[in-house]
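Let's walk through this one together, from the overall build down to single residues. Have the viewer open as you read.

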Amino acid sequence: MRIAIVGATGQVGVVLRDILAERRFPVDSMRYLASARSAGSTLPWGTTDVVVEDAETADLSGIDLALCSAPASVSRELAPRLAEAGAVVIDNSSAWRMDPDVPLVVPEANADALREIPKGIVANPNCTTMVAIPVLKPLQFALVDDDSLETDEERKYTNEARKILGLPELAVTTTCVRVPVFTGHSAAIVAEFERPISPERAAEVLRTAPGVELAELPTPLMAAGRDVSYVGRIRRAQGAPHALAFFVAGDNLRKGAALNVVQIAEELLAQRR
């Protein structure tokens with residue numbers, strides 16, 4: 001595959017390069033695109049150095065797959081150009097996530113959504129959404145809403161979870177806070193189900209769920225540099241007979257961004273074989 005990484009010099013771009021190499025993704029040629037201020041610098045790919053191109057002025061032809069980690073304002077203009085030039089774009093910004101013609105994908109949850117890509121663009125969910133989805137998908141959850149005011153980050157979590165899980169009426173209450181950790185996102189979740197489920201049964205289901213690992217107490221430190229969502233402290237929630245409470249943690253740069261992009265790329269490749 002002829003690959004281009006847009007935003008190659010940024011934090012997610014660095015991790016993208018590492019994960020492509022770690023997972024031995026089949027790369028026939030590699031191009032790096034970034035802002036004008038980074039153009040002309042070089043970055044390694046394997047044993048060679050690749051010159052960074054200006055994303056605004058570069059010839060976008062000859063790219064099979066564009067892994068895009070640029071600001072939403074840039075992606076809104078650049079992603080359609082890449083798609084028109086023949087690339088499938090996997091976009092990591094918020095620009096396309098809620099577009100009804102753009103699949104929003106976590107491969108462990110809804111890889112089938114990649115079978116139709118009308119605009120040639122696939123959206124990567126917000127990193128906070130990403131931490132919880134591999135845990136919530138096997139449990140097929142429904143959360144209780146308290147009709148509260150939401151921040152943009154909280155609204156992303158609600159809207160993206162509904163789209164990925166195919167539950168447009170899913171009731172979600174989210175509270176987002178910023179805490180001083182170097183890397184990683186965590187979430188305390190209360191999930192209410194249609195039928196009773198015990199903590200023991202939930203742990204049994206999650207033990208074999210893809211992209212999930214059980215832990216007694218998940219923490220951002222535990223998750224740093226790892227590719228799974230950790231889940232623990234699974235217990236009955238008080239006051240709701242069919243509800244469970246649990247805690248999840250994941251690396252926001254890996255599964256929360258770069259790894260999921262590569263997993264989408266791998267799934268696209270597998271579906272075309």
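A residue is called buried here when its relative accessible area is under 20%, exposed when that area is over 50%, and partly exposed in between, with a 1.4 Å probe and protein chains only. By that yardstick, buried residues make up 54% of the 273 residues in the chain. Keep in mind that this is a predicted model, where local features need pLDDT of at least 70, side-chain atom pairs count only at pLDDT 80 or more, and totals for chains, interfaces and linings use all residues. Residues are numbered from 1 along each chain as its sequence is written, and side-chain values use heavy atoms, with hydrogens and water left out.

Now for the overall build. The chain has 8 helices and 11 strands, taken as DSSP runs numbered from the N terminus (H or I over at least four residues for helices, E over at least two for strands). The radius of gyration of the chain is 19 Å, close to the 19 Å that the globule rule gives for 273 residues, so the chain is as compact as a globular protein of that length. That radius is taken over C-alpha atoms, and the rule is 2.2 Å times the number of residues to the power 0.38. Along its principal axes, the C-alpha trace spans about 60 × 40 × 35 Å.

Next, the spaces. Both kinds are found on a 1 Å grid over the protein atoms alone: a cavity is a set of points where a 1.4 Å probe fits but cannot get out, while a pocket is an open set with protein on both sides within 12 Å along at least five of seven lines, and lining residues have an atom within 4 Å of a point. Grid points are joined across faces, edges and corners, and a volume is the space filled by probe spheres set on the points.

The largest pocket has a volume of about 790 Å³. It is lined by 34 residues, and the closest to its centre are Thr-175, Cys-176, Val-177, Ser-186 and Ala-187. The elements that give two or more residues to this lining are α4 (127–139), α5 (152–165), β8 (185–192) and β11 (243–250). Of these, β8 gives the most, with 7 residues. Sorted by class, the pocket lining has 20 nonpolar, 11 polar and 3 charged residues; here Ala, Val, Leu, Ile, Met, Phe, Trp, Tyr, Cys and Pro count as nonpolar, Asp, Glu, Lys and Arg as charged, and the others, Gly among them, as polar.

Stay with Ser-186 for a moment. Ser-186 sits in strand β8 and is partly exposed, with a relative accessible area of 34%. Its C-alpha is 8.3 Å from that of Pro-218, 32 residues apart along the chain. Pro-218 lies in the loop between β9 (212–214) and α7 (220–223) and is buried, at a relative accessible area of 2%. From Pro-218 you can hop on to Ser-229, 11 residues apart in sequence and 8.9 Å apart in space, C-alpha to C-alpha.

What about closed space? There is 1 cavity of 30 Å³ or more, with a volume of about 50 Å³. Met-1, Phe-25, Asp-64, Leu-65, Val-88, Ala-265, Leu-268, Leu-269 and Arg-272 line this cavity. Helix α8 (residues 254–272) gives the most to that lining, with 4 residues, and by class the lining has 7 nonpolar, no polar and 2 charged residues.

Two helix residues also make links across the sequence. Leu-206, in helix α6 (residues 199–207), is buried at 1% relative accessibility, and its C-alpha is 7.0 Å from that of Pro-138, 68 residues apart along the chain. Lys-163, in helix α5, counts as partly exposed at 26%; its C-alpha and that of Asn-110, 53 residues apart along the chain, are separated by 9.7 Å.

Finally, some backbone and ring details. Most residues other than glycine have a negative phi. Arg-24, though, has a positive phi of about 55°; Arg-24 lies in the loop between α1 (11–22) and β2 (29–34) and is exposed, at 76%. Arg-233 also has a positive phi, near 55°, but Arg-233 is found in strand β10 (residues 229–236) and is partly exposed at 45%. As for rings, Arg-17 lies over the face of Tyr-32, at 5.6 Å from the ring centre; the rule asks for NZ of Lys or CZ of Arg within 6 Å of the ring centre and within 35 degrees of the ring normal.
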